[in-house]
Amino acid sequence: MSEPATTTRERIVSAAARLFYDKGIRNVGVDAVAAKAGITKRTLYYHFTSKDDLIAAYLAARDQPNLALFRRWFGEAQGDVAAKVEAIFSNLAVAARHPRWKGCGFLRTAAELADLPGHPAIKIGAAHKKSFEAWLRLELENAGLDDTALLARQVVLLLDGSFAVVLLHRDPDYMEAAGKAAATLITAAVDSKGLGGKGLGGKGLGGKRLGGKRLGTKAPPSSTAA
């Protein structure tokens with residue numbers, strides 16, 4: 001019995017993901033992806049019309065797992081909403097200390113395709129970032145804060161900025177510092193609202209942050225985290 005087409009497609013995307021993330025999309029050809037997946041190039045082109053199609057599939061496959069990971073880190077962190085947001089940065093800093101970590105796959109792909117703004121992968125990356133921003137805005141709204149659209153966008157800028165700086169300096173402490181800055185912004189919003197222990201995502205801890213501590217949630221290495 002022949003192998004199901006979906007399994008073959010998933011194997012191709014998995015091989016492409018490892019190669020694209022490790023080496024960059026422009027440095028990897030379809031021959032290398034086919035070899036990594038253990039198939040012929042003809043089989044690859046049966047499932048993907050072009051390399052551009054494969055690049056888009058690579059990012060699409062990262063979208064929901066990455067968003068789910070951010071939500072889990074946020075949900076498992078102790079403390080108020082500021083501490084929960086800081087925990088996202090703290091867990092990313094753990095991932096960034098792994099030798100295989102090479103930054104945000106969405107941002108790196110966008111940089112490599114900067115001369116092709118209409119590329120499907122660019123649109124997927126932009127949608128991913130917008131989805132994270134929308135989710136974060138909702139969490140801030142649930143905490144009772146005002147101006148959540150601006151606040152969520154400021155946190156996104158800190159997050160994506162830290163991806164770039166950590167990749168440049170190879171120093172995850174910048175990610176930790178960005179997380180503290182994000183927590184400071186959110187704490188200021190909580191204080192200005194006069195929420196005290198109310199704007200804590202239902203935890204009622206008297207406005208006390210717990211420093212975005214991780215709860216034994218081990219950040220996955222390399223490409224899984226962003």
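Is Gly 75 buried, partly exposed or exposed? In this predicted model, Gly 75 counts as partly exposed because its relative accessibility is 49%, a value that falls between the 20% and 50% cut-offs. Gly 75 belongs to helix α4, which covers residues 51-76. Across a sequence separation of 10 residues, the C-alpha atoms of Gly 75 and Val 85 lie 9.4 Å apart.

A step back to the whole chain helps to place this residue. The protein chain contains nine helices and zero strands, so that a walk from the N terminus reads α-α-α-α-α-α-α-α-α. Of the 226 residues in the chain, 45% are buried. The surface that the chain exposes comes to about 11,100 Å², and carbon and sulfur atoms supply 56% of that area. Among contacts with a separation of 6 or more, 71% join residues that are 24 or more positions apart.

The interior can be followed through its largest nonpolar core, which has 62 residues. Phe 20, Val 33, Leu 92, Phe 132 and Ile 186 are the members with the most contacts inside this core. At least two core residues come from each of α1 (5-23), α2 (30-37), α4, α5 (81-96), α7, α8 (148-169) and α9 (173-193). Helix α4 provides the largest share, with 10 residues; this is also the helix in which Gly 75 is found.

Helix α7, spanning residues 120-142, holds Lys 129. This lysine counts as buried because its relative accessibility is 18%, and the cut-off for burial is under 20%. Which residues does Lys 129 touch, once those up to four places away in sequence are set aside? The partners are Cys 104, Phe 106, Leu 107, Asp 160 and Phe 163. Lys 129 can also be related to Val 156: the two are 27 residues apart in sequence, with a C-alpha to C-alpha distance of 8.2 Å.

Finally, a word on confidence. The average pLDDT of the protein chain is 89, and 84% of the residues score at least 70. Residues 198-217 are a stretch where pLDDT stays under 50. For that stretch, the model has 51 contacts beyond four places in sequence. Where pLDDT is low, predicted coordinates should not be read in detail.

Methods: Residues numbered from 1 in each chain as written. Predicted model: local features only at pLDDT ≥ 70, side-chain atom pairs only at ≥ 80, totals over all residues. Heavy atoms only, no water. Helix = DSSP H or I, 4+ residues; strand = E, 2+ residues; numbered from the N terminus. Buried < 20%, exposed > 50% of the residue type's maximum accessible area, 1.4 Å probe, protein only. Contact = heavy atoms within 4.5 Å. pLDDT = per-residue confidence, 0-100. Areas by Shrake-Rupley, 256 points an atom, 1.4 Å probe, with all protein chains shown as cover. Core = buried A, V, L, I, M, F, W, Y, C linked by side-chain atoms within 4.5 Å.
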